Amino acid sequence: MKFRPLHDRVVIRRAEVDTKSKGGIIIPDNAKEKPQEGEVIAVGPGARDESGALIVPDVKAGDFILFGKWSGTEVKIDGEDLLIMKEADIMGVIDKSGMDVEKTAAAKKAA
């Protein structure tokens, strides 16, 4: 991708949506709810405070994040649908390695 966000903006690729419900029913595209999580693709250099010092962003490319339902602006770059939002719109970083362990432990208990 040949796009560099400015200031404290972040480029995000939304997570994939399941096409089937838990019961096996196929969900049509217009009924799907867009996920509120995604992967950070690119990060700007950061915002400046009142004294002019650079505030480095807390997220980096490759992080999985959670963001607000109406956050960001949808854009198409290189034929791919992406979101651009300010770092302040990001609610938190998701630790995927910890989630896999929790899912595995829950699956073992259920079995």
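This passage describes the overall fold and two backbone features of a predicted model.

The secondary structure of the chain consists of eight strands and one helix. Read from the N terminus, the order of elements is β-β-β-β-β-β-β-β-α, with the eight strands preceding the helix. The chain contains 111 residues, of which 23% are buried. When contacts between residues at least 6 apart in sequence are considered, 60% of them join residues at least 24 apart. The surface exposed by the chain amounts to about 8,200 Å², and 54% of this area is supplied by carbon and sulfur atoms.

Two residues were examined for their backbone conformation. His7 is not a glycine, yet its phi is positive, at about 55°. This residue, His7, is located in the segment before strand S1, which spans residues 9-14. The relative accessible area of His7 is 46%. Because the partly exposed class lies between the limits of 20% and 50%, His7 is assigned to that class.

A positive phi of about 55° is likewise computed for Asp78, which is also not a glycine. Asp78 occurs in the loop that links strand S6 (73-77) to strand S7 (80-86). The relative accessibility of Asp78 is 65%; since residues over 50% are classed as exposed, Asp78 counts as exposed. Thus, the positive phi of His7 is found in a segment before a strand, whereas that of Asp78 is found in a loop between two strands.

Note on methods:
Residues are numbered from 1 along each chain as its sequence is written. This is a predicted model: local features need pLDDT of at least 70, side-chain atom pairs count only at pLDDT 80 or more; totals for chains, interfaces and linings use all residues. Side-chain values use heavy atoms; hydrogens and water are left out. Helices (H or I, at least four residues) and strands (E, at least two) are DSSP runs, numbered from the N terminus. Buried means under 20% relative accessible area, exposed over 50%, partly exposed in between (1.4 Å probe, protein chains only). Contact means heavy atoms within 4.5 Å. Accessible areas come from the Shrake-Rupley method with a 1.4 Å probe; for residues, only the protein chains shown count as cover.
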